[in-house]
Structures are given as structure tokens and as C-alpha cells.
Amino acid sequence: MIRFRSGLAVALLATAAAAEQPYPGAFIDRPLVLPPGMLQPHAGWELLGFRGGPTRNSIGFGAEVGVFRGFQIGASAVLTEAPDLGFDRVAARGLFELHPTAAVRVDTSIYRFLGAPEEYGYASGIGLSIKIPLVPGTLALISGRSFALPPIGRTEELHFADDLFTLDLNHSNVTTTLGIPVGLELQAIPQLSLLLRSGYRHGFGGGLYSEDWVPVGLDVLVNLAPVDLIASAELPGNLRGHTDIFVLRAAVQARF
């Protein structure tokens with residue numbers, strides 16, 4: 001009985017100590033899934049444009065919350081800022097931890113067609129977030145982003161590059177993409193992390209639609225506890241010659 005009580009006391013103390021551990025400031029040390037009860041609101045700005053041509057700006061906001069150990073949910077909304085202010089899409093996301101180094105993500109959204117507010121489409125995707133240490137505390141292999149990840153949307157707007165599989169349904173076409181996002185996360189100093197991203201993606205659908213991408217992206221993440229500042233730049237890398245497209249993003253997130 002004494003041994004049982006001692007073992008129980010040690011287990012309770014260990015659990016309490018784990019629960020009291022602060023959330024890591026260094027991005028590379030953070031778990032893929034938020035701890036239970038932690039709220040992470042975020043807001044961001046995005047520019048999708050063509051070199052020497054028109055641009056499309058949008059603003060977004062949302063939040064994620066840890067529901068229980070190994071499971072988090074989130075919701076977000078995006079408004080177009082230019083060429084006009086209006087509804088763009090609303091999205092929801094769930095994240096399920098498989099292992100401390102891997103988590104399955106499910107994305108879904110309802111979006112508006114450009115130039116036709118009365119028409120709407122539906123997009124969904126399945127992703128796999130991984131973070132495999134190569135040099136503990138300094139370098140890790142990743143699969144797509146796990147910070148300030150933009151909500152999934154229409155295929156032509158490129159809001160799908162971090163999922164393994166996506167499906168886009170609208171009044172004119174059904175589009176599917178399959179991709180393998182890969183990258184490296186470098187924790188330069190405790191407050192600064194760099195994400196180098198690439199991969200390969202193939203899209204296909206009705207009307208003989210077929211596209212291939214090899215994106216190149218860079219994310220700069222700065223921690224000012226409990227606030228994170230995130231900036232990213234990406235060339236989607238369309239292999240059919242649409243090389244003039246670029247994407248810029250800026251986001252801020254906090255934890256409570």
C-alpha cells in the first residue's frame with residue numbers, strides 16, 4: 001500500500017510539473033498542437049500579385065484553441081481589401097497529434113468567386129504537419145507550415161500549398177491537388193526562426209485542367225513573448241510558365 005501511494009504521489013507530481021512547464025518561446029521547440037485550454041488568436045495581411053501587373057490584397061483573422069491533449073481546432077475569416085473590400089472566405093481547421101513529431105490536419109472552407117458575389121465554392125484538404133529534429137534545438141525537417149498557416153481556399157488563389165490532398169468544388173469545375181510539401185526550420189537564435197519551404201504539387205480536374213508547381217518560400221518568425229511576428233514571401237513555381245506570380249504575407253499571433 002505504501003509503495004502504491006508513493007507511486008501515485010510521484011505520478012501526480014510529475015503530471016503537475018508537466019502542466020506547469022511554460023510554453024516554449026523558441027519556435028523549433030514548440031509542440032505541433034496547442035496545450036489544452038491555450039488560445040492563440042491571430043491576424044494577417046496577404047498580397048497576391050504579378051510582377052509589373054495587378055495585385056490582390058486581403059486581411060484575415062481567427063483563432064486556434066487546444067481542446068484536449070493532442071487535439072486543437074480553429075476558425076478564421078478572410079476579407080478582400082483590394083480591389084474592393086468584401087467577403088472572401090471562412091474556414092475551419094482541426095489538428096490531431098499522431099506523435100510529438102507528427103500531426104494530421106483537416107482544412108475546410110467556403111469561399112466567394114471573384115467578381116461574382118452570388119457564387120460560392122467549397123474547398124477542403126488533408127495535411128500532415130511534421131517536425132523531425134536534425135540538430136536538436138537548431139534544425140528540423142518540416143512538412144509545410146505550422147505557424148500562421150493561411151486558411152485553405154480556391155485552387156487558383158494558391159491557398160493549399162501545405163496540404164497533401166485538396167478538393168475544390170465550384171460551379172464551373174472540380175479541382176484536386178496532390179502535393180508533398182517539404183522544408184527546413186532553422187532556429188538561428190532563441191527569438192528568431194527561419195523556414196525554408198519547397199516541394200512538389202500536381203493539380204488536375206475537369207476541362208483537362210492540369211498544373212504542376214515547385215514552390216519556393218521563406219518565412220521569418222520572431223518571438224516577442226507572448227506575441228509572434230511572422231513574415232513570408234513565396235514564389236508558387238508554376239511549371240507551365242506562370243513564373244511572374246508572387247505572394248507576400250505578414251501575420252501576428254499571441255497566446256493566452
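Modeller: Two strands pair if DSSP finds at least two bridges between them, and strands themselves are DSSP runs of E with at least two residues, while helices are runs of H or I with at least four, both numbered from the N terminus. This is a predicted model, in which local features need pLDDT of at least 70, side-chain atom pairs count only at pLDDT 80 or more, and totals for chains, interfaces and linings use all residues. Residues are numbered from 1 along each chain as its sequence is written, and side-chain values use heavy atoms, with hydrogens and water left out.

Colleague: What does the secondary structure of the protein come to?

Modeller: By those run lengths, the protein has one helix and 14 strands.

Colleague: How do you know that strand 1 and strand 14 pair, and in which sense?

Modeller: Strand 1 (residues 39-50) is joined to strand 14 (residues 245-254) by nine bridges in the antiparallel sense; a pair needs at least two, so the two strands qualify. Within this pairing, E46 has R249 of strand 14 as its bridge partner.

Colleague: What makes strand 1 and strand 2 a pair?

Modeller: Strand 2 (residues 55-68) shares 11 bridges with strand 1, again antiparallel, and therefore this pairing too meets the requirement of at least two. Here G49 stands opposite T55 in strand 2.

Colleague: How many bridges join strand 7 to strand 9?

Modeller: Four bridges link strand 7 to strand 9 (residues 174-189), and the two run antiparallel, so they count as paired. L141 faces L184 of strand 9 in this arrangement.

Colleague: How do you know that the side chains alternate along strand 7?

Modeller: In strand 7 (residues 139-142), A140 and I142 point to one face and are buried, whereas L139 and L141 point to the other face and are not. Buried means under 20% relative accessible area, exposed means over 50%, and partly exposed lies in between, with a 1.4 Å probe and protein chains only. Of the protein's 256 residues, 42% count as buried.

Colleague: Why is D244 called partly exposed?

Modeller: D244 has a relative accessible area of 31%, and because that value falls between 20% and 50%, the residue is called partly exposed. D244 lies in the loop between strand 13 (227-235) and strand 14. Between D244 and F50 there are 5.3 Å in space, C-alpha to C-alpha, although they are 194 residues apart in sequence.

Colleague: What share of the contacts with a separation of 6 or more comes from residues 24 or more positions apart?

Modeller: Residues 24 or more positions apart account for 51% of those contacts in the protein, where contact means heavy atoms within 4.5 Å.
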